[in-house]
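Here is a short report on how nonpolar residues are arranged in one protein model. Look at the structure first, then read on.

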Amino acid sequence: MPRKEIDFDLSNYIDHSLLKPIATAEEVKQCCNEAIQYSFPAVCIYPSTVRQAADLLHNHRIEVCTVIGFPTGANTSAVKLYEAQEAVDNGATELDVVINLGWVKSGQSDKIYQEIAQIVESTGKTVKAILETTVLTNEEKRLAAEVCLDAGVAYLKTSTGWFGGATVEDIKLLYQITKGQIGIKASGGIRTVEQAFALIEAGATRLGTSQGIALMRELKGKSENKNR
C-alpha cells in the first residue's frame with residue numbers, strides 16, 4: 001500500500017469517546033467541552049446521553065456519535081433499528097453499530113446486510129459498522145467488511161474496545177478492502193501519539209479513543225521539546 005499522507009493536526013482525527021457505563025452527566029458535559037476546546041470532529045457517547053450532548057454541542061460543528069447494539073452486537077435487528085432511530089430523534093448524527101458477530105462466524109451475510117442496510121436507509125445518518133476485528137479471522141474480517149461496504153456504511157470501525165483494540169495490520173487490511181472508498185475508524189487501546197500516527201499512516205481516518213486529551217498533551221510536549 002502506498003504511504004498515506006498524514007495531516008499532523010491529530011485533533012482532526014479524534015472521536016472523543018466516553019463509553020464507560022458509570023459516566024455521569026457532569027462527565028458528559030466535560031467530554032463535550034473538551035471536544036469544543038480541541039475541535040475534535042465528534043464525541044462518542046451512550047444513547048442515553050445523546051440528547052444532553054446534542055444540546056451542549058448545537059452551536060458547534062462537532063458530530064454527536066452514539067453506539068448501537070453495544071458492545072456485543074447480539075440484539076435483534078428490530079431493537080437495533082429502534083435504538084438507531086431513537087438516537088437520531090434525540091440528536092445523534094453518527095451511529096457506530098456493532099454487527100452481529102454470530103452471523104459473521106456462521107457466514108450469514110444476507111442477515112448482516114439486511115440489518116445494516118436498514119439502519120443506513122432508515123436513519124440517513126453516518127453509519128460506522130463495528131466489526132470487532134480482534135475476534136474474527138482475516139477471512140471473516142473480509143466478509144464482514146465487504147458486506148457492510150455493500151450495505152452503504154460510511155465507515156468501518158475496528159473494535160468496541162471491550163475485546164481488544166485496533167492494530168496496524170487490521171487497518172491495512174480494511175484499507176486494502178475498501179480502497180479508500182469509505183472511512184476507517186481505528187478504536188480501542190489507542191494511548192500514545194506513536195500508536196495514533198501509525199494507525200493513520202496505515203489508513204485510519206478517525207480514531208476512537210477516550211485518551212484524546214492525553215494524546216493532545218503528549219503531542220504538545222513533543223512539539224515543545226523539539227523546539228527547545
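## Nonpolar packing inside and outside

In this predicted model, Leu-207 touches Leu-10, Tyr-13, Ile-14, Asp-15, Ala-186, Ile-190, Ala-196, Leu-199 and Ile-200, leaving aside residues up to four places away in sequence. Leu-207 also belongs to the largest nonpolar core, which has 67 residues. Leu-10, Leu-95 and Leu-207 have the most contacts inside that core. Helix H8 (residues 193-202) gives the most to this core, with six residues. A second, separate core has eight residues, among them Cys-44, Tyr-46, Val-98 and Ile-130. In soluble globular proteins, nonpolar side chains tend to be buried together.

Next, Ala-84. This residue sits in helix H3 (residues 77-89). Ala-84 touches Ile-68, Leu-95, Ile-119 and Thr-123, again not counting residues up to four places away in sequence. The C-alpha atoms of Ala-84 and Val-67 are separated by 8.4 Å, and the two residues are 17 apart along the chain.

Is Ala-84 buried or exposed? Ala-84 counts as buried because its relative accessibility is 0%, and the cut-off for buried is under 20%.

Now the surface. Val-135, Trp-162 and Phe-163 make a nonpolar patch of about 290 Å². Val-135 lies in the loop between strand S5 (126-130) and helix H6 (138-150). Val-135 counts as partly exposed because its relative accessibility is 33%.

The table sets out the two accessibility values.

| Residue | Relative accessibility | Class |
|---|---|---|
| Ala-84 | 0% | buried |
| Val-135 | 33% | partly exposed |

Conventions
Residues numbered from 1 in each chain as written. Predicted model: local features only at pLDDT ≥ 70, side-chain atom pairs only at ≥ 80, totals over all residues. Heavy atoms only, no water. Patch = residues over 30% accessible without salt bridge, like charges linked within 9 Å, V, L, I, M, F, W, Y side chains within 5 Å. Areas by Shrake-Rupley, 256 points an atom, 1.4 Å probe, with all protein chains shown as cover. Salt bridge = Lys/Arg side-chain N within 4 Å of Asp/Glu carboxyl O. Helix = DSSP H or I, 4+ residues; strand = E, 2+ residues; numbered from the N terminus. Buried < 20%, exposed > 50% of the residue type's maximum accessible area, 1.4 Å probe, protein only. Core = buried A, V, L, I, M, F, W, Y, C linked by side-chain atoms within 4.5 Å. Contact = heavy atoms within 4.5 Å.
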